[in-house]
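Reader: I have a chain here and some bench questions about its fold. Can we go through them briskly?

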Amino acid sequence: AHIANYTEMTGVILGDDGKAIGVKARDRMTGKVFDVWANKIVFAGGPFTDALRKIEHDGVIENERKNEKAVAKPKDMIPAVAGGAGTHVVLPGYYCPSGMGLLDYNTSDGRF
């Protein structure tokens with residue numbers, strides 16, 4: 001296995017069938033661009049996941065055009081991650097037993 005820190009995904013490598021088989025990555029420290037090949041790809045981008053999905057979506061559309069497949073009107077990528085604001089409150093240990101937490105699920109908008 002290889003490990004790379006301070007890297008950024010800049011593109012998706014697609015196979016002949018249009019499935020992702022790797023990513024293009026850029027070392028943020030040196031600027032060097034390299035390919036990462038994989039059997040499985042997980043976009044673990046937290047709040048930035050939709051930005052990663054957009055890179056993949058644009059790559060798929062470009063791949064279809066390059067392979068002269070009919071692309072009448074590319075579908076827009078529908079966002080999947082909605083940001084939310086919240087607060088973490090740290091309370092003294094005497095409020096609950098060790099290894100247990102508290103959750104206030106009575107919120108005005110139904111999220112918790």
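Author: One term comes before the rest: a residue is buried when its relative accessible area is under 20%, and exposed when that area is over 50%. Keep in mind that this is a predicted model.

Reader: What share of the residues in the chain is buried?

Author: The cut-off is a relative accessible area under 20%. The chain has 112 residues. Of these, the buried share is 15%.

Reader: What pattern do the helix and strands follow along the sequence?

Author: The chain holds 1 helix and 3 strands. Reading along the sequence gives their order. That pattern is β-β-β-α.

Reader: In what order do the strands lie in the sheet?

Author: The sheet is open, has 3 strands and pairs them in the antiparallel sense. Its edge strands are E1 and E3, each of which pairs on one side only. From one strand to the next, the twist averages 30 degrees. The order is E1-E2-E3.

Reader: How many bridges join E2 and E3?

Author: Strand E2 covers residues 20-27, and strand E3 covers residues 33-37. They pair in the antiparallel sense. Lys-24 has Asp-35 in E3 as its bridge partner. The count of bridges is 5.

Reader: Which residue in E3 is the bridge partner of Val-23?

Author: Val-23 takes its partner from E3. E3 runs over residues 33-37. The partner is Val-36.

Reader: Which residue in the turn between E2 and E3 has a positive phi?

Author: E2 and E3 form a hairpin, with 5 residues between them. One residue in the turn has a positive phi of about 85 degrees. That residue is Gly-31.

Reader: What is the phi of Tyr-6?

Author: Most residues other than glycine have a negative phi. Tyr-6 is not glycine, yet its phi is positive. Tyr-6 sits in the segment before strand E1 (7-14). Its phi is near 55 degrees.

Reader: Is Tyr-6 buried or exposed?

Author: The cut-off for exposed is over 50% relative accessible area. Tyr-6 has 60% relative accessibility, so the residue counts as exposed.

Reader: What share of the accessible surface belongs to carbon and sulfur atoms?

Author: The accessible surface of the chain comes to about 9700 Å². Carbon and sulfur atoms account for part of that area. Their share is 55%.

Note on methods:
Residues numbered from 1 in each chain as written. Predicted model: local features only at pLDDT ≥ 70, side-chain atom pairs only at ≥ 80, totals over all residues. Heavy atoms only, no water. Helix = DSSP H or I, 4+ residues; strand = E, 2+ residues; numbered from the N terminus. Buried < 20%, exposed > 50% of the residue type's maximum accessible area, 1.4 Å probe, protein only. Areas by Shrake-Rupley, 256 points an atom, 1.4 Å probe, with all protein chains shown as cover. Pairing = 2+ DSSP bridges. Axes fitted to C-alpha atoms, helices over the stretch in contact; angles between N-to-C directions.
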